[in-house]
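Good morning, and thank you for the time. I would ask you to keep the structure in view while I speak.

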Amino acid sequence: MSVELDVFVGNTTIMDKEVYQLWLNGYTVNDAVKVRIEGGVMEECEASAEVLLSDTMDQYRTFQMCERLLHHPAKLANQLLFQIPPDRQAMLIERYALACQFNSLDLVIIQFQTFICISLFRYYAFDDSFVREVLGKKLSKGTKKDLDDVSIKTGITLKSCRRQFDNFKRVFKVVEELKGPLVENIRQHFLLPDQLARDYAAIVFFANHRFETGKKKLQYLTFQDFAFCAGQLINNWTVGAVDNMMEDMDVDLDKEFLQDLKDLKILITDKDLLDQHKNLVCTALRGKTNVFNEMEANFKNLSRGLVNIAAKLINAKDVRDFFIDLVEKFIEPCRSDKLTSIDVNLYLTHYTNSAHILDTFKHHAVWTRYMGVIKSCILRMYHD
């Protein structure tokens, strides 16, 4: 029995971006072929179904060989396995540089095999709906076992869910013990563009502190809402916010600062100080909002809520409940009183500033550091 084979040998690596995305999304070869056929590739290339299947299988084999390099991005600069034509490199370099906001194309050429870098970017990209389901959870085998349910809930293939989860865990393990800024460490070790590195920093930060994000009252918040708040916490409440040479600077909260937050309780335990603070805030708000009466009537409850959150952050459990506390103790009461985000911004501005005018209040630096983050997070979380 004779068998005819068409064989082509070359050293140029051919990678189809659309097929690569299908591979990342967890499509099987057969499903990827169906998508390509529906997209009209057979008419465009005048290829048969057999050729399309063979091409897709070859592409998948190439991606699987690339995957081990994608797990260790620093090795990409020196790899010789994949050869990219110069004209293809130039085009890809330009696109990648624009995506990563590089100022010098020469720098990119020196450091990267460009197509692999684009592959790297896509490989570490993730679905917001997926990360929202695992955000704040321990990146452990137990969580990974639940990915079947996450896959069903989000409509993302199980293979893609596992890839994204493994990426989160890999980044976490590499950077959790490193000195220096968290975002910069992620950028340097995984060669990711700035925004994606910041998103991974948020994921690492939430996993480290096990912030509660799954409660029903928090479901309206998106991953980007949480990522914004993570950035505020990292930039202001970690040890690295005041000393950029400390170990674990952007992963761990500043314990000395958390301890100092207990001193803010004087604002609610000292009746005279509480009344003075209320009078100053109400004087500043009078005539500037249609919900002044509601703000005045609810001032003490809102102030107690915010100050009590501060005083309890020294405890790990209360750190985990930080976002649910913000919703229950401040955001929900404000919504009940029909405050808009503009009203909330006005209230928090005068609430923060008025404390500095109180004669017997001495904790100005701690108050400013605390309320700056609280205000930013509340405004981000307060959806009208």
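The count of aromatic pairs comes to 26 in this predicted model. One of them joins phenylalanine 126 and phenylalanine 223 edge-to-face, with 5.5 Å centre to centre and 90° between the planes. Phenylalanine 126 sits in the loop between helix 7 and helix 8, phenylalanine 223 belongs to helix 14, and the two are 97 residues apart. Phenylalanine 126 has a relative accessible area of 14% and is therefore buried; phenylalanine 223, at 2%, is buried as well.

A second edge-to-face pair is formed by phenylalanine 226 and phenylalanine 323, at 5.2 Å centre to centre and 90° between the planes. Because phenylalanine 226 lies in helix 14 and phenylalanine 323 in helix 21, this pair ties together parts that are 97 residues apart in sequence. Both of these residues are buried.

Which residues form one aromatic cluster? Among them are Tyr20, Trp23, Phe126, Tyr200 and Phe223.

Tyr200 brings us to helix 13, where it is one of the buried residues. This helix, residues 194-209, spans 23 Å from its first C-alpha to its last, close to the 22 Å expected. Of its 16 residues, 12 are buried. Just after the helix, arginine 210 adopts a positive phi of about 55°.

Two other arginines lie over ring faces: arginine 335 over tyrosine 220, at 4.6 Å from the ring centre, and arginine 369 over phenylalanine 257, at 4.2 Å.

Finally, the interior space. There is one cavity of 30 Å³ or more, and the largest cavity holds about 40 Å³. Its lining includes Phe211, Trp237 and Phe322, and comprises seven nonpolar residues, with no polar and no charged ones.

Key:
Residues are numbered from 1 along each chain as its sequence is written. This is a predicted model: local features need pLDDT of at least 70, side-chain atom pairs count only at pLDDT 80 or more; totals for chains, interfaces and linings use all residues. Side-chain values use heavy atoms; hydrogens and water are left out. On a 1 Å grid over the protein atoms alone, a cavity is a set of points where a 1.4 Å probe fits but cannot get out, and a pocket is an open set with protein on both sides within 12 Å along at least five of seven lines; lining residues have an atom within 4 Å of a point. Grid points are joined across faces, edges and corners, and a volume is the space filled by probe spheres set on the points. Ala, Val, Leu, Ile, Met, Phe, Trp, Tyr, Cys and Pro count as nonpolar, Asp, Glu, Lys and Arg as charged, and the others, Gly among them, as polar. Helices (H or I, at least four residues) and strands (E, at least two) are DSSP runs, numbered from the N terminus. The expected span of a helix is 1.5 Å times one less than its number of residues. Buried means under 20% relative accessible area, exposed over 50%, partly exposed in between (1.4 Å probe, protein chains only). Rings of Phe, Tyr and Trp (its six-membered ring) pair if their centres lie within 6.5 Å; planes under 30 degrees apart count as stacked, over 60 as edge-to-face and the rest as tilted. A charge sits over a ring if NZ of Lys or CZ of Arg is within 6 Å of the ring centre and within 35 degrees of the ring normal.
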